[in-house]
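Open your viewer, keep the selection box handy, and follow along stop by stop. Each stop tells you what to select and what you will find there.

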Amino acid sequence: MKNIVLIGFRGTGKSTLSQELALRLARMRISTDDLATELCGMSITDFVQEHGWAAFRRIETECIVGLQGKEDYIIDSGGGVVENPDNMRLLAKNGVIVWVHASLEDVVTRLIGNTNDAQRPLLSEGDLRSDITENYTRREPLYKRYADFSVNTSTHTIQECSTAIEQWLVASQKKSDQ
Ligand code: S3P
């Protein structure tokens with residue numbers, strides 16, 4: 001079975017949805033952020049502060065290369081995975097790509113309201129709100145381009161999104177069996 005790879009901006013609910021899917025489908029879950037944290041030997045925030053984003057992106061790609069050959073997993077990817085086309089080529093080799101989408105207003109509210117995220121390194125110059133707006137707007141077409149399927153956590157609950165993904169998987173399986 002192919003992996004199910006969740007992509008999407010920070011704060012869209014990828015981690016919660018990946019946990020729900022792993023439970024429902026009885027599959028293992030891997031988070032590229034967890035793998036990267038291990039490889040960095042420190043939190044992503046500390047690593048980026050010390051070494052910068054380019055170094056983090058190299059680590060992230062190394063983690064994705066390390067996932068080659070894995071099957072049947074739910075892969076919860078970091079929001080910036082779409083920044084490097086090589087990442088997406090590797091992930092799509094043995095995975096279906098699901099874009100977890102949420103409205104910009106919801107992402108801003110969720111990230112600004114979450115005290116853990118105060119520690120998250122900003123992606124660019126400026127305050128948190130403009131950082132989110134700028135990167136969200138720039139990345140939307142990328143997520144859209146790579147997605148085989150998408151769910152919206154602004155208009156649907158995690159349970160509903162999970163059900164939609166399950167139904168889509170069954171329908172795609174039927175199609176490929178025909
Ligand atoms: C990033 C998102 C984070 C993490 C890192 C970079 C990004 O993952 O990989 O801070 O570039 O948007 P989440 O999307 O899981 O928060």
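The tour goes from open and closed spaces to a helix, some aromatic rings and a few single residues.

**Before you start**

You are looking at a predicted model, in which local features need pLDDT of at least 70 and side-chain atom pairs count only at pLDDT 80 or more, while totals for chains, interfaces and linings use all residues. Residues are numbered from 1 along each chain as its sequence is written, and side-chain values use heavy atoms, with hydrogens and water left out.

**Stop 1: a pocket**

Select M1, K2, I4, R27, V96, W168, L169, V170, S172, Q173 and S176, and you have the lining of the second largest pocket. A pocket here is an open set of points on a 1 Å grid over the protein atoms alone, with protein on both sides within 12 Å along at least five of seven lines; lining residues have an atom within 4 Å of a point. The volume of this second largest pocket is about 270 Å³, where a volume is the space filled by probe spheres set on the points, and grid points are joined across faces, edges and corners.

Which helix gives the most to this lining? Colour helix α8, residues 158–177: this helix supplies six residues. Helices are DSSP runs of H or I with at least four residues, strands are runs of E with at least two, and both are numbered from the N terminus. Colouring the pocket lining by class gives six nonpolar, three polar and two charged residues. In this scheme Ala, Val, Leu, Ile, Met, Phe, Trp, Tyr, Cys and Pro count as nonpolar, Asp, Glu, Lys and Arg as charged, and the others, Gly among them, as polar.

**Stop 2: a cavity**

Now for the closed spaces: there are two cavities of 30 Å³ or more. A cavity is a set of grid points where a 1.4 Å probe fits but cannot get out. To find the largest cavity, select its lining: N3, L67, Q68, G69, K70, I75, L90, L91 and N94. The space inside the largest cavity is about 60 Å³, and its lining has four nonpolar residues, four polar and one charged.

**Stop 3: helix α6**

Select residues 104–113, helix α6, and show V107, V108 and L111, its buried residues. They cover an arc of only 100° around the axis, so they sit on the same side of α6; the arc is that of the directions from the helix axis to the C-beta atoms. Buried means under 20% relative accessible area, exposed over 50%, and partly exposed in between, with a 1.4 Å probe and protein chains only. Turn to the face away from the buried side and you meet the exposed residues E105, T109 and G113. Add α7 (128–146) to the view, since this helix is included in what covers the buried residues of α6.

**Stop 4: aromatic rings**

The whole structure holds four aromatic pairs. Rings of Phe, Tyr and Trp (its six-membered ring) pair if their centres lie within 6.5 Å; planes under 30 degrees apart count as stacked, over 60 as edge-to-face and the rest as tilted. One of the pairs is W53 and F56, edge-to-face at 5.7 Å centre to centre, with 80° between the planes. Both lie in helix α4 (residues 53–66), three residues apart, about one turn of the helix.

Next, select F149 and W168: their ring centres are 4.8 Å apart and their planes at 10°, so this pair is stacked. The pair links distant parts of the chain, with F149 in strand β5 (residues 149–152) and W168 in helix α8, 19 residues apart. F149 is partly exposed at 21% relative accessibility. Leaving aside neighbours within four places in sequence, F149 is in contact (heavy atoms within 4.5 Å) with I97, V98, W99, A164, I165 and W168.

**Stop 5: two loops**

Is R27 buried or exposed? R27 is buried, at 12% relative accessible area, in the loop between α1 (14–25) and β2 (29–31). Not counting residues up to four places away in sequence, R27 touches M1, K2, N3, I4, A22, D72, Y73 and I74.

Most residues other than glycine have a negative phi. In the loop between α1 and β2, A26 has a positive phi near 50°, and A26 is exposed at 69% relative accessibility. Finish with D72, in the loop between α4 and β3 (74–76): D72 has a positive phi of about 75° although it is not a glycine, and is partly exposed at 35% relative accessible area.
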